[in-house]
Amino acid sequence: MVLVMGALVVNAQKTPVKVADLQKSITDNIAKDYVGFTIKEATQVVENNVVTFDVVVVKGTTQETLCYDNTGKFLKKMGTKVGTAKPAPKTTPKPTSKN
């Protein structure tokens, strides 16, 4: 079972794509349906000879991953992450010893 799952992972090839190189239909869909979001990154995924594009969009602390087919048609929303920036860890000053 593990070998079969490993083989499936090997079949998927992911290649980063420049935002400027995305199809106009993808960028138009994001501009229309995700107003205020900006494209953070995009990846071309080839799995079982099927090409899709995973596009990560962000707005404030919200990040969503969208999936499009090779013609630029929206397929599904793959995930949403909402969070706030984590504060820096508090450090306690070390006591200095006087000799």
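What share of the contacts in the protein chain between residues at least 6 apart in sequence join residues at least 24 apart? The share is 35%, and the views below walk through a predicted model of this chain.

**View 1. The whole chain, with its two helices and five strands.** Follow the sequence and you read the pattern α-β-α-β-β-β-β. Of the 99 residues in the protein chain, 23% are buried. The chain exposes about 7800 Å², and carbon and sulfur atoms account for 58% of that area.

**View 2. The five-stranded sheet, open and antiparallel.** The strands line up in the order S1-S2-S3-S4-S5. S1 (13-17) and S5 sit at the edges with a single partner strand each, so one side of each has no neighbour in the sheet. From one strand to the next, the twist averages 20 degrees.

**View 3. Strand S2 (residues 38-47) between its partners S1 and S3.** Five bridges hold the antiparallel pairing of S1 and S2, and here Thr-15 has Gln-44 of S2 as its bridge partner. On the S3 side there are nine bridges, again antiparallel. Ala-42 is matched there with Val-55 in S3. Look at the hairpin of S2 and S3 too: two residues lie between the strands, and Asn-48 takes a positive phi near 55 degrees.

**View 4. Strand S4 (residues 62-69), largely enclosed by the rest of the structure.** Why does S4 get that description? Seven of its eight residues are buried, so the rest of the structure largely encloses it. Eight bridges tie S4 to the antiparallel strand S3 (residues 50-59), with Val-55 standing opposite Leu-66. Seven bridges join S4 to S5 (residues 74-82), also antiparallel, and in this pairing Thr-65 faces Gly-79.

**View 5. The two hairpins that S4 makes, with S3 and with S5.** The hairpin of S3 and S4 has two residues between the strands, and Gly-60 in the turn has a positive phi of about 65 degrees. The hairpin of S4 and S5 has four residues between the strands. In that one, Gly-72 takes a positive phi near 95 degrees.

**View 6. The largest nonpolar core, made of 12 residues.** In soluble globular proteins, nonpolar side chains tend to be buried together. Here the set includes Val-17, Leu-22, Ile-26, Ile-30 and Ala-42, along with Phe-53 and Val-57. Val-55 and Leu-66 belong to this core as well, and the two stand opposite each other across S3 and S4. Helix H2 (24-33), S3 and S4 each put in at least two residues. The largest share, three residues, comes from S3.

**View 7. Val-17, one of the core residues, and its contacts.** Set aside neighbours within four places in sequence, and Val-17 is in contact with Leu-22, Ala-42 and Phe-53. Those three also belong to the core. The rest of the contact list is Thr-43 and Gln-44.

**View 8. The aromatic pairs, two in number.** A pair of aromatic rings is described by the distance of the centres and the angle of the planes. Tyr-34 and Phe-37 have ring centres 5.6 Å apart and planes at 90 degrees, so this pair is edge-to-face. Tyr-34 and Phe-37 are both buried, and both are part of the largest nonpolar core. For Tyr-68 and Phe-74, the centres are 5.5 Å apart and the planes stand at 70 degrees, which makes the pair edge-to-face. Is Tyr-68 buried or exposed? Its relative accessibility is 0%, so Tyr-68 counts as buried. Phe-74 is partly exposed, with a relative accessible area of 32%.

**View 9. Lys-76, a residue of strand S5.** At 46% relative accessible area, Lys-76 is partly exposed. Which residues does Lys-76 touch, once those up to four places away in sequence are left out? They are Thr-65, Leu-66 and Cys-67; Leu-66 has already turned up as a core residue. The C-alpha atom of Lys-76 is 9.7 Å from that of Asp-54, and the two residues are 22 apart along the chain.

Note on methods
Residues are numbered from 1 along each chain as its sequence is written. This is a predicted model: local features need pLDDT of at least 70, side-chain atom pairs count only at pLDDT 80 or more; totals for chains, interfaces and linings use all residues. Side-chain values use heavy atoms; hydrogens and water are left out. Rings of Phe, Tyr and Trp (its six-membered ring) pair if their centres lie within 6.5 Å; planes under 30 degrees apart count as stacked, over 60 as edge-to-face and the rest as tilted. Buried means under 20% relative accessible area, exposed over 50%, partly exposed in between (1.4 Å probe, protein chains only). Two strands pair if DSSP finds at least two bridges between them. Axes are lines fitted to C-alpha atoms, for helices over the stretch in contact, and angles run from 0 to 180 degrees between N-to-C directions. A nonpolar core is a set of buried Ala, Val, Leu, Ile, Met, Phe, Trp, Tyr and Cys residues joined through side-chain atoms within 4.5 Å. Contact means heavy atoms within 4.5 Å. Accessible areas come from the Shrake-Rupley method with a 1.4 Å probe; for residues, only the protein chains shown count as cover.
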